[in-house]
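Please open the model in your viewer and keep the selection panel at hand. The tour below proceeds stop by stop, stating at each one what to select and what is to be found there.

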Amino acid sequence: MFNLIKRDLILQKKLIILYMLISIGFIMLDKHHPAFIFLISSIFIPFNTHAYDEKTETNLLLNSLPYTRKQIIAARYIGAVVYMLLAMGWTSIGFIIFGKSFTLTDIVIGIGLFLTFVAFAYPLFYIFKPGYITTVIIISFLVLSALLPFISTLLSKHATFLMQLTEIMLYIFGAMFTILVYLLSWGISHWIYQRKAF
């Protein structure tokens with residue numbers, strides 16, 4: 001399973017410099033919230049890996065290798081966390097080098113947003129046929145962005161309850177919710193992938 005994660009990094013080793021430069025560009029523009037920059041930086045490797053696999057139909061090859069389907073899915077989900085940590089690292093260094101301020105809260109929010117987006121996007125990679133996945137992900141991202149005002153209105157109705165919670169409790173509830181959604185997504189992807197014919 002470790003080799004599957006390593007494979008994705010090897011395939012994209014030349015692009016990692018480009019990803020870093022894009023992250024630095026966002027930092028230097030200074031027009032976006034740091035949490036958003038952490039999210040964007042984290043998305044590059046895992047989603048480009050899926051785009052590459054979609055184009056080359058890598059799943060046919062992976063299923064002919066001595067890996068179980070459970071290991072293939074586990075490598076995807078564990079790999080996403082590994083790539084996110086790498087991206088958080090180089091983005092934090094970028095913020096420090098260019099003297100831009102960010103907080104631990106920005107990193108935590110970026111992690112939560114990334115894991116939630118991955119949780120919704122990854123099962124779609126296994127539901128839809130190759131060639132349609134990228135379009136579906138872009139549409140899904142736009143739909144989720146459009147729903148954000150509705151979600152924030154819904155949350156504002158429960159603001160009294162949220163205001164009674166301490167900051168630590170909010171972090172704990174947020175982390176528990178994100179981990180639960182991520183693990184549920186992992187289970188759904190595993191269930192779909194086990195039944196998929198390649």
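Begin by colouring this predicted model by pLDDT. Confidence is highest in helix H5, at a mean of 91, and lowest in helix H8, residues 159-164, at a mean of 58. Across the protein the mean pLDDT is 80, and 79% of the residues reach 70 or more.

**The whole chain**

Next, switch to a cartoon of the entire protein. Its secondary structure consists of 9 helices and 0 strands, so that the pattern read along the sequence is α-α-α-α-α-α-α-α-α. Of the 198 residues, 36% count as buried. Among contacts with a sequence separation of 6 or more, 82% join residues 24 or more positions apart.

**Stop 1: H1 against H5**

Select residues 2-11, which form helix H1, together with H5. What is the angle at which H1 and H5 pack? The angle is about 50°, and the two axes lie 8 Å apart. H1 and H5 are therefore oblique to each other, since an angle between 35 and 65 degrees falls outside the roughly parallel and roughly perpendicular ranges. The crossing of this pair is right-handed.

Now show the side chains at the interface. From H1, select Leu-4, Ile-5, Arg-7, Asp-8 and Leu-9. On H5, the residues they meet are Gln-71, Ile-72, Ala-75, Arg-76, Ile-78, Gly-79, Tyr-83 and Leu-86. By class, this contact between H1 and H5 comprises 8 nonpolar, 2 polar and 3 charged residues.

**Stop 2: Gly-79**

Remain on H5 and centre the view on Gly-79, which lies in that helix. Is Gly-79 buried or exposed? Its relative accessibility is 0%, and Gly-79 therefore counts as buried, the cut-off for that class being under 20%. Leaving aside residues up to four places away in sequence, Gly-79 touches Ile-5 and Ala-74. Ile-5 is one of the H1 residues selected at the previous stop. Add Pro-46 to the selection as well: this residue is 33 positions from Gly-79 along the chain, and the two C-alpha atoms are separated by 7.6 Å.

**Stop 3: H2 against H5**

Select residues 13-29, helix H2, and residues 69-97, helix H5. The axes of H2 and H5 come within 10 Å and cross at roughly 45°. H2 and H5 are therefore oblique to each other, and their crossing is right-handed. On the H2 side the contact is made by Ile-16, Tyr-19, Met-20, Ser-23 and Ile-27, and on the H5 side by Trp-90, Thr-91, Gly-94 and Phe-95. This contact of H2 with H5 has 6 nonpolar, 3 polar and no charged residues.

Before leaving H2, select Ile-22, which is found in that helix. With a relative accessibility of 31%, Ile-22 counts as partly exposed. A distance drawn between the C-alpha atoms of Ile-22 and Phe-44 reads 9.8 Å, for residues that are 22 apart in sequence.

**Stop 4: H5 against H6**

Keep H5 displayed and add helix H6, residues 104-127. The axes of H5 and H6 come within 11 Å and cross at roughly 150°. That makes H5 roughly antiparallel to H6, because angles over 145 degrees are assigned to that class. H5 passes H6 in a right-handed crossing.

For the side chains, select Ile-73, Arg-76, Tyr-77, Ala-80, Val-81, Met-84, Met-88 and Ser-92 in H5. They meet Ile-107, Gly-110, Ile-111, Phe-114, Leu-115, Val-118, Tyr-122, Pro-123 and Tyr-126 in H6. The contact of H5 with H6 divides into 14 nonpolar, 2 polar and 1 charged residues. Arg-76 belongs to this contact and also to the contact of H1 with H5.

**Stop 5: Ser-92**

Finish on Ser-92 in helix H5. Which residues does Ser-92 touch, not counting those up to four places away in sequence? They are Phe-38, Phe-102 and Ile-107. Ile-107 is among the H6 residues in the contact with H5. The relative accessible area of Ser-92 is 14%, and this residue is therefore buried.

Conventions
Residues numbered from 1 in each chain as written. Heavy atoms only, no water. Axes fitted to C-alpha atoms, helices over the stretch in contact; angles between N-to-C directions. Helix = DSSP H or I, 4+ residues; strand = E, 2+ residues; numbered from the N terminus. Parallel < 35°, antiparallel > 145°, perpendicular 65-115°, else oblique. Left-handed = near helix turned anticlockwise from the far one by under 90°. Contact = heavy atoms within 4.5 Å. Nonpolar A, V, L, I, M, F, W, Y, C, P; charged D, E, K, R; others polar. pLDDT = per-residue confidence, 0-100. Buried < 20%, exposed > 50% of the residue type's maximum accessible area, 1.4 Å probe, protein only.
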